[in-house]
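Q: Could you take a close look at one part of this protein and describe it in its surroundings? I would like the part treated in detail, with the terms spelled out.

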Amino acid sequence: MAERPEDFNLPTSVITRIVKDALPEGVNVSKEAKSALSKAASVFVLYATTCANNFTLKDKRKTLSGNDVLAAVQDMEFDMFLEPLQENLNALRTIKAKKSGSSSKNKKMESDRTVDSEDDVQEMEVYKKEEENQNTDEL
């Protein structure tokens, strides 16, 4: 967990890029304004994450999903962002499905990368050790 409130702020470079893309050319933004935008964006992200986490807790899950974020956005009454967020989430899922759909071995590797709890981490470590032992035995 972060120790200072500043640890939650988004990087200034990210804020500068977003502001630059949003404003017309020739408009300058002061360092103070960028700092204020960074703090405001960080507060929004923390609030959205907390709202989304409430949906995971309500469903007795530990993993926060994209659907939880969409529900949180709707709960926070930012309905105008729901459609673009849903489109981006669907696009991301399509890209992931294409990457993992190339072979069944890739699908197995993708499922091994998904870690939901400490038990999964331990199981994954055992699985990796077994694979290493098999590879050593084959040599």
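A: What follows is a close reading of helix 2 and the charged residues after it.

The model is a predicted one, in which local features need pLDDT of at least 70 and side-chain atom pairs count only at pLDDT 80 or more, while totals for chains, interfaces and linings use all residues. Residues are numbered from 1 along each chain as its sequence is written, and side-chain values use heavy atoms, with hydrogens and water left out.

As a setting, the protein has six helices and zero strands, where helices (H or I, at least four residues) and strands (E, at least two) are DSSP runs numbered from the N terminus. Of its 139 residues, 13% count as buried; here buried means under 20% relative accessible area, exposed means over 50%, and partly exposed lies in between, with a 1.4 Å probe and protein chains only.

Helix 2 covers residues 31-58, and its 28 residues should span 40 Å at 1.5 Å a residue, which agrees with the 41 Å between its end C-alpha atoms; the expected span is 1.5 Å times one less than the number of residues. The buried residues in helix 2 are S38, S42, A48, C51, A52, F55 and T56. The cover over these buried residues includes helix 1 (12-22) and helix 3, judged by contact, that is, heavy atoms within 4.5 Å.

Just after helix 2, K60 takes a positive phi of about 55 degrees. The charged residues D59, R61 and D68 are linked in a network of salt bridges, a salt bridge being a side-chain nitrogen of Lys or Arg within 4 Å of a carboxyl oxygen of Asp or Glu. By this rule the count comes to two: the side chains of D59 and R61 meet at 3.3 Å, N to O, and those of R61 and D68 meet at 2.7 Å, N to O. The members of the network vary in their accessibility, since D68 counts as buried because its relative accessibility is 4%, whereas R61 is partly exposed, with a relative accessible area of 32%, and D59 is likewise partly exposed, at 46%.

Seen as a whole, then, helix 2 carries buried residues that helix 1 and helix 3 help to cover, and just after helix 2 comes the positive phi of K60, while R61 takes part in a salt bridge with D59 and in another with D68.
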